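Let us walk through this structure together, one piece at a time. Keep the viewer open and follow along as the stops come up.

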Amino acid sequence: KETKLWGGRFEESVTDIVEKFTESISFDKQLYKHDIMGSKAHASMLAKQGLISVSDRDIILQGLDEIERRIEAGDFVWRTDREDVHMNIEAALTDLVGEPAKKLHTARSRNDQVLTDFRLWCRDAIDRIVASVRHLQVALLDRDAGRLLDCRARLNFCPLGACALAGTGLPIDRFMTSDSLGFTAPMRNSIDAVSDRDFVLEFLSANSIIAIHLSRLGEEWVLWASEEFGFITPSDSVSTGSSIMPQKKNPDPMELVRGKSARVIGDLVTLLTLCKGLPLAYNRDLQEDKEPTFDSVKTIIGMLEVSAEFAQNITFNGEKIQKALPAGYLDATTLADYLGLPFRTSHDIVGRAVALCVSKNCQLQDLSLDLLKSLNPVFDNDVYEFLGVENAVKKFSSYGSTGSACVADQLGYWITKLEIN
Ligand code: ARG
């Protein structure tokens, strides 16, 4: 067995069961790009500070490029006995370039390294999700992008150089590594740098809110696509069938969007629960932060993609919608406003008019003027301009209302803002 990078004080090697249980390479290998970025920034800083030679730096940088190339070509063997992505890459670099690689971990711990990688990874993931949200181009998702960008700004501080938790006595330049990795500034406190997971809690919270929005949208569309409503027809290309019922055509992608929101919320709850009892600084428990985060990001991107695809493949059935509109006496409130009496009085009069319609099985607009006048003399001939859903909706004119003109204004705003042609 190969000696562990941390093996100096150990006389026995870990058992297979412990090795398998504690490894994170099976999932944190996803961080390889960001790990290499972080190591390059760190090596360049070490050379500038005179902590390693320029020629060692160049050997390290070239070696890391070669390792990245091999990983991407599928020519890299990830080893469980090397525990995690950090030690896999460092050990492979040592295999590749020898002595200079052993200097790379100067003034660095895996504790600040993993957080540097993880923050960089989350930063990229946020950019991918924001792009997906924009692609869906639904106004109700606008604040979701904003929440992610707020989170991105808050997470963009560099933990590198915090080392295990206490920083270092070596003359490192944390501002240089922070700058070269595109962070706003180094984190101010080394213990905070390795303890904090609020950046990812915030990220998964923003994802959970997006998931809830998509789930509600999914519920609405599933309902509208049902036989009973029939307001929308999803095209065959976004529907699936039943293995027993030949007639079935199901809006399964949106049912799954609704279902997968459970995972995204679960991922957040996993992370919250993980953090709740931890004392300060790094604890190995925190290695468990990666899988829920990766799952949340993968799931939310899938949900956004499929929702956009579904939205583009829906036909609205105007006729069916039109037929359903009169059902709920939607013009009753407009009618109450028409009366112009103290509102509670108007409410009562229209309530009695509706009761009349219910008993006669008709609409408000079917009531004769005489009948209306018998309820209250204020009713006049112009009342019929307020009745019927189409008339009623035109009367809504307050800012942001559902009146036709207001909706046209709102659409205009989004078309300009989202640059839709
Ligand atoms: N694989 C570990 C993680 O992902 C790296 C940090 C190890 N630090 C430690 N104190 N054991 O969190």
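Our starting point is alanine 107, which counts as buried because 20 C-beta neighbours lie inside 10 Å, and a residue needs 20 or more to be called buried. Keep in mind that this is a predicted model. Alanine 107 sits in the loop between α5 and α6. Its phi is near 55°, a positive value in a residue other than glycine. As background, most residues other than glycine have a negative phi.

Another alanine makes a good companion to this one. Alanine 281 has a positive phi of about 70°, although it is not a glycine. This residue, too, is found in a loop, here the one between α11 (252–276) and α12 (290–311). Is alanine 281 buried or partly exposed? With 17 other C-beta atoms within 10 Å, alanine 281 is partly exposed.

Now go back to the loop that holds alanine 107 and step onto the helices at its two ends, α5 and α6. Take α5 to begin with. Helix α5 (residues 85–97) packs against helix α4 (residues 54–73) at an angle of about 115°, and their axes are 10 Å apart. The two helices are therefore roughly perpendicular to each other, and the crossing of α4 and α5 is right-handed. Which residues make the contact? On the α4 side they are Ile59, Ile60, Gly63, Leu64, Glu66 and Ile67, and on the α5 side Ile89, Ala92, Leu93, Leu96 and Val97. Sorted by class, this contact of α4 with α5 has nine nonpolar residues, one polar and one charged. A general point helps when reading such lists: an α-helix has 3.6 residues a turn, so residues three or four places apart point the same way.

On the other side of the loop is helix α6 (residues 110–136). Its 27 residues should span 39 Å at 1.5 Å a residue, and the end C-alpha atoms are 38 Å apart, which agrees. Of these 27 residues, 19 are buried, so α6 is largely enclosed by the rest of the structure.

One partner of α6 is helix α3 (residues 32–48). This helix has 17 residues and reaches 24 Å from its first C-alpha to its last, close to the 24 Å expected at 1.5 Å a residue. Helix α3 is also largely enclosed by the rest of the structure, because 14 of its 17 residues are buried. After α3 comes glycine 50, with a positive phi near 75°.

How do α3 and α6 meet? Their axes come within 8 Å and cross at roughly 120°, so the pair is oblique. The crossing of α3 and α6 is right-handed. His34, Asp35, Met37 and Gly38 of α3 make the contact with Gln113, Thr116, Asp117, Leu120 and Trp121 of α6. By class, the residues of this contact divide into three nonpolar, four polar and two charged.

A last stop takes us to helix α12, where lysine 298 has its place. Lysine 298 has 15 C-beta neighbours inside 10 Å and so counts as partly exposed. How far is its C-alpha atom from that of isoleucine 129? The two C-alpha atoms are separated by 9.5 Å, although the residues are 169 apart along the chain.

Technical notes. Residues are numbered from 1 along each chain as its sequence is written. This is a predicted model: local features need pLDDT of at least 70, side-chain atom pairs count only at pLDDT 80 or more; totals for chains, interfaces and linings use all residues. Axes are lines fitted to C-alpha atoms, for helices over the stretch in contact, and angles run from 0 to 180 degrees between N-to-C directions. Helices (H or I, at least four residues) and strands (E, at least two) are DSSP runs, numbered from the N terminus. Angles under 35 degrees count as roughly parallel, over 145 as roughly antiparallel, 65 to 115 as roughly perpendicular and the rest as oblique. A crossing is left-handed if the near helix is turned anticlockwise from the far one by less than a right angle, and right-handed if clockwise. Two residues are in contact if their C-beta atoms, placed from the backbone, lie within 7 Å. Ala, Val, Leu, Ile, Met, Phe, Trp, Tyr, Cys and Pro count as nonpolar, Asp, Glu, Lys and Arg as charged, and the others, Gly among them, as polar. The expected span of a helix is 1.5 Å times one less than its number of residues. A residue is buried if 20 or more other C-beta atoms lie within 10 Å of its own, exposed if 12 or fewer, and partly exposed in between; C-beta atoms are placed from the backbone.
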